[in-house]
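Colleague: Could you take me through the side-chain packing in this protein, one step at a time?

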Amino acid sequence: MAPTGLLDGKVVLVNGGTQGVGAAIARAAVREGAAVAVTGRRTEPGEALVAELTAAGGRAMFVQADLADAEQAKGSVAEVVDDYGRIDCLVNSAGLTSRGTLLDTTPELFDAHIAVNLKGPFFAMQAAVADMVARKAPGTIVNIITSSAHGGQPFLAPYVAAKAGLVGLTRNAAHAHRFDRVRINGLNIGWTATEGEDATQRAFHGAGDDWREEAAAGLPMGRLGQPDEIADFVVFLLSDRSGVVTGSVIDWDQNVLGGLG
């Protein structure tokens with residue numbers, strides 16, 4: 001996609017931005033003129049991505065943070081504000097997808113899902129919105145959620161519980177801060193070809209090297225979703241071109257949830 005300057009001059013923080021969908025969003029944001037910060041638990045991929053983005057002429061920084069820790073989630077925003085002077089846009093794309101059913105999920109697994117998939121985004125949003133409100137400046141937030149938030153597979157019980165909470169939080173925060181001109185939206189993404197999904201399929205479902213081809217064959221469009229496609233849509237939602245839209249949780253999927261037959 002050719003650059004159009006949708007995010008010229010914006011400061012964008014992508015939590016969980018060192019691989020997969022998050023990294024694709026960071027690349028797209030830099031392409032569209034933003035100064036970008038990415039967070040992640042592992043230093044090596046974070047620094048490698050920043051080196052890639054800066055080599056391409058962008059401005060980027062890496063913040064090592066575990067979003068399961070509320071203080072680190074808030075601290076990631078504080079580091080961006082300290083370095084760049086402000087935060088204009090936040091994307092919460094970190095996610096935990098380890099499996100568990102209603103019957104076999106332990107309290108520890110449940111708490112881990114809540115921490116990464118709900119608590120982290122909550123406190124990152126808290127810190128980002130506080131900066132925007134203090135400056136009396138508009139801002140935008142996009143939460144990467146999941147189509148499974150509508151119900152999901154039986155083996156995703158704690159994941160669905162946490163992500164469904166993020167759906168409600170997205171709408172609640174958007175309503176609370178609409179007069180502050182802070183727009184907050186969510187994206188319920190479907191099955192997507194990422195490094196993390198590859199690891200999950202191999203670890204939990206015994207998938208082989210051809211799992212992507214097998215999965216694609218059973219999907220309506222004959223392929224999995226691609227991170228760069230999601231990234232372009234997220235950039236649009238972050239940008240002024242998405243107008244006054246706030247409180248929307250959009251199904252970005254090729255299956256029509258609720259359709260029958």
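Modeller: Before we begin, a residue is called buried when its relative accessible area is under 20%, exposed when that area is over 50%, and partly exposed in between. Please keep in mind that this is a predicted model.

Colleague: With that in hand, is Phe236 buried, exposed or partly exposed?

Modeller: The relative accessibility of Phe236 is 35%. Since buried means under 20% and exposed means over 50%, this value lies in between, and so Phe236 counts as partly exposed.

Colleague: How are the rings of Phe233 and Phe236 arranged, stacked, edge-to-face or tilted?

Modeller: A search of the whole structure finds two aromatic pairs. In the pair of Phe233 and Phe236, the ring centres are 6.5 Å apart and the planes meet at 45°. Planes under 30 degrees apart would count as stacked and those over 60 as edge-to-face, so the pair of Phe233 and Phe236 is tilted.

Colleague: What separation along the helix do Phe233 and Phe236 have?

Modeller: Both belong to helix H8, which covers residues 227-238. Because they are three residues apart there, the separation is about one helical turn.

Colleague: Which element gives the most to the largest nonpolar core?

Modeller: This core has 33 residues, and Leu13, Tyr84, Leu90, Met125 and Ile184 are those with the most contacts inside it. Several elements each supply at least two of its residues, including strand S1 (11-15), helix H3 (70-84) and helix H4 (107-135). The element that gives the most, with seven residues, is H4.

Technical notes. Residues are numbered from 1 along each chain as its sequence is written. This is a predicted model: local features need pLDDT of at least 70, side-chain atom pairs count only at pLDDT 80 or more; totals for chains, interfaces and linings use all residues. Side-chain values use heavy atoms; hydrogens and water are left out. Rings of Phe, Tyr and Trp (its six-membered ring) pair if their centres lie within 6.5 Å; planes under 30 degrees apart count as stacked, over 60 as edge-to-face and the rest as tilted. Helices (H or I, at least four residues) and strands (E, at least two) are DSSP runs, numbered from the N terminus. Buried means under 20% relative accessible area, exposed over 50%, partly exposed in between (1.4 Å probe, protein chains only). A nonpolar core is a set of buried Ala, Val, Leu, Ile, Met, Phe, Trp, Tyr and Cys residues joined through side-chain atoms within 4.5 Å.
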